[in-house]
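Colleague: I would like a close look at one part of this model rather than a tour of the whole. Please choose one strand, take its residues in turn, and follow their partners outward.

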Amino acid sequence: MLRRTAAWLLLGPLLAGGALAQPAAGPSVALTGMLGRRALLLVDGGAPVSVAAGETHRGVTVISTQGDEAVLEIGGRRHTLRVGDAPTNVGNTTPAGGGQRIVLTAVSGGHFVAQGSIHSRPVVFMVDPGATFVAMGVPDAQRIGLDYQRGQPVRLNTANGQVAGWRIQLGSVRIGDVEVFGIDAVVTQAAMPYVLLGNSFLSRFQMRRDNEQMVLERRY
């Protein structure tokens, strides 16, 4: 049974109107769901791939699975990941944040998912041009260490009606070697499997889509 994986397909219009870990020497890996005994892995921002125990995908070997956890071997080291955890990074080389260009490839359903960071804490983003702001649920905000409750209280329109939230400003949002500062965001009480990358970030870029690829060229 697919767990925690289909919900993000409904999030495109979540905030209409209103984490890619930074690249390292080795891959960045997130466990986005389970398909029976197969792990649904997101490696370096690519499309989610179902991998069984004993199989290897892009240098990541699934050792075993149980419930919503998987034991992975990456670069000779074993890691235990749970569905929904922040991406695991291998290596410690972080490029400077002065890049100007982001290239994304569409995953299943035509959505663009990117690994990145907020305040240097890894998150998985989903590009949402229909969202006014970068948006996240309370669990991500707490993990990042945001003092969101000191933000401006707001009411947010979601697919399930209005929910309470807070408007804040993020000091740093980063994808790959591109880092942007002072980004408006909202935190919603509703849990979200991805951080929505809305127009408060996207408006800083010239956005171009070519079939299954999206290119963001920094404007300012």
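Modeller: A residue is called buried under 20% relative accessible area, exposed over 50%, and partly exposed in between, with a 1.4 Å probe and protein chains only. The model is predicted, so local features need pLDDT of at least 70 and side-chain atom pairs count only at pLDDT 80 or more, while totals for chains, interfaces and linings use all residues. Residues are numbered from 1 along each chain as its sequence is written, and side-chain values use heavy atoms, with hydrogens and water left out.

Before the strand, the setting. The protein chain has 2 helices and 18 strands; these are DSSP runs numbered from the N terminus, H or I of at least four residues for helices and E of at least two for strands. Of the 220 residues in the protein chain, 50% are buried. The average pLDDT (the predictor's confidence in each residue, from 0 to 100) is 80 for the protein chain, and 82% of the residues score at least 70. Residues 1-25 are a weak stretch in this respect, since there pLDDT stays under 50, although the model has 98 contacts for them beyond four places in sequence.

I have taken strand 14, which covers residues 161-175. Trp166 in this strand is buried, at a relative accessible area of 13%. Its ring makes an aromatic pair with Tyr148, with 4.9 Å from centre to centre and 65° between the planes, which is edge-to-face. For such a pair, ring centres of Phe, Tyr or Trp (its six-membered ring) lie within 6.5 Å; planes under 30 degrees apart are stacked, over 60 edge-to-face, and the rest tilted. A search of the whole structure gives 2 aromatic pairs. Tyr148 sits in the loop between helix 1 (138-144) and strand 13 (152-158), so its pairing with Trp166 ties together parts 18 residues apart in sequence. Tyr148 is buried as well, with a relative accessible area of 8%.

Next comes Arg167, also in strand 14. Arg167 is partly exposed, at 33% relative accessibility. Its C-alpha atom is 6.6 Å from that of Val154, a residue 13 places away along the chain. Beyond four places in sequence, Arg167 is in contact (heavy atoms within 4.5 Å) with Phe133, Gly151, Gln152, Val154, Asp184, Ala185 and Val186. With one of these, Asp184, the side chain of Arg167 makes a polar contact of 3.4 Å. That term covers N or O atoms within 3.5 Å; within protein one must be able to donate a hydrogen and the other to accept it, and residues adjacent in sequence count only through two side-chain atoms.

Further along strand 14 is Arg174. This arginine is buried, with a relative accessible area of 5%. Its side chain reaches the backbone oxygen of Gly176 at 2.8 Å.

Going back to the loop that holds Tyr148, helix 1 lies on one side of that loop. Asp140 belongs to helix 1 and is buried, with a relative accessible area of 14%. The side chains of Asp140 and Arg143 are joined by a polar contact of 3.0 Å. With neighbours within four places in sequence set aside, Asp140 touches Met192 and Val195.

To sum up strand 14: Trp166 is buried, Arg167 is partly exposed, and Arg174 is buried. Their partners named above include Tyr148 for the ring of Trp166, Asp184 for the side chain of Arg167, and the backbone oxygen of Gly176 for the side chain of Arg174.
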